[in-house]
Amino acid sequence: MIVDFALEAERRHGKAPEEAIFQASLLRFRPILMTTLAAILGALPLLVGTGTGSELRRPLGLAIIGGLIVSQMLILFTTPVIYLMFDDCRSGEPDTA
């Protein structure tokens, strides 16, 4: 979604790639974060639950929550970088600034 918004900003509004991906990241940050937090809160009972069988569900909750946090960080930090790298490849000139 971040890339789609950045491409639209470049094509329709004539923004530079750096400005487009920055604006797209700001615009999509809240919905992405809310979706991830909803999934984390949904898996939280697996992690903190007690009772019969909780020793089997706890690792599943930890894996879900840990995976969501790690993937969220990777996506939010690497998507803009990769977008700009592909833009440099498309334009044929590396950005030296």
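# Exercises on salt bridges, a core and a surface patch

In this predicted model, the side chains of Glu10 and Arg90 meet in a salt bridge, at 3.3 Å from N to O. The pair links distant parts of the chain, since Glu10 belongs to helix H1 and Arg90 to helix H3, 80 residues apart.

**Exercise 1.** Work out which residues are linked with Glu10 and Arg90 in a network of salt bridges, and describe how exposed each member is.

*Solution.* Begin with the bridge between Glu10 and Arg90, whose N to O distance is 3.3 Å. Next, look for another partner of Arg90: Asp87 also forms a salt bridge with Arg90, and here the closest N and O atoms are 2.4 Å apart. Asp87 and Arg90 are separated by about one helical turn, because they stand 3 residues apart in helix H3. Joining the two steps gives a network of salt bridges made of Glu10, Asp87 and Arg90. Finally, compare each relative accessible area with the cut-offs, under 20% for buried and over 50% for exposed. Glu10 has 15% and is therefore buried, Asp87 has 10% and so counts as buried as well, whereas Arg90, with 55%, is exposed.

**Exercise 2.** The structure holds 3 salt bridges; describe the one that Glu8 forms, and explain how its two residues are placed along their helix.

*Solution.* The partner of Glu8 is Arg12, and the closest N and O atoms of this salt bridge are 3.5 Å apart. Both residues lie in helix H1, and because they are 4 residues apart there, about one helical turn separates them. As for exposure, Glu8 has a relative accessible area of 37% and is partly exposed, while Arg12, at 65%, is exposed.

**Exercise 3.** Decide whether Arg28 has a salt bridge or none, and find which residues surround it beyond its neighbours in sequence.

*Solution.* First place the residue: Arg28 is part of helix H2, which covers residues 17-48. Arg28 is buried, and the nearest side chain of opposite charge, that of Asp4, is 8.4 Å away. A salt bridge needs the nitrogen and the carboxyl oxygen to be within 4 Å, and Arg28 has no such bridge. Then list the contacts, leaving aside neighbours within four places in sequence: Arg28 touches Met1, Ile2 and Phe5. Looking from the other side, and with the same neighbours left out, Ile2 is in contact with Arg28 and also with Ile21, Ala24, Ser25, Ile32 and Thr79.

**Exercise 4.** Name the residues of the largest nonpolar core and state which element gives the most to it.

*Solution.* The core has 9 residues in all, namely Ile2, Ala6, Ala9, Ala20, Ile21, Ala24, Ile32, Leu76 and Tyr83. Two or more of these residues come from each of helix H1 (2-13), H2 and helix H3 (54-91). H2 gives the most, with 4 residues. As a general background, nonpolar side chains in soluble globular proteins tend to be buried together.

**Exercise 5.** Identify the residues of the nonpolar surface patch that includes Leu44, and then find how far Pro31 lies from Arg58 in space.

*Solution.* The patch consists of Leu41, Leu44 and Val48, which together have about 280 Å² of accessible area. Leu44 sits in helix H2 and counts as partly exposed, because its relative accessibility is 34%. Pro31 is in helix H2 too, and with a relative accessible area of 30% Pro31 is likewise partly exposed. From C-alpha to C-alpha, Pro31 and Arg58 are 28 Å apart in space, and their places lie 27 residues apart in sequence when counted as a separation.

Methods:
Residues are numbered from 1 along each chain as its sequence is written. This is a predicted model: local features need pLDDT of at least 70, side-chain atom pairs count only at pLDDT 80 or more; totals for chains, interfaces and linings use all residues. Side-chain values use heavy atoms; hydrogens and water are left out. Buried means under 20% relative accessible area, exposed over 50%, partly exposed in between (1.4 Å probe, protein chains only). Lys and Arg count as positive and Asp and Glu as negative; His and the chain ends are not counted. Contact means heavy atoms within 4.5 Å. A nonpolar core is a set of buried Ala, Val, Leu, Ile, Met, Phe, Trp, Tyr and Cys residues joined through side-chain atoms within 4.5 Å. Patches are made of residues with over 30% relative accessible area and no salt bridge: like charges are joined within 9 Å, nonpolar side chains (Val, Leu, Ile, Met, Phe, Trp, Tyr) within 5 Å. Accessible areas come from the Shrake-Rupley method with a 1.4 Å probe; for residues, only the protein chains shown count as cover.
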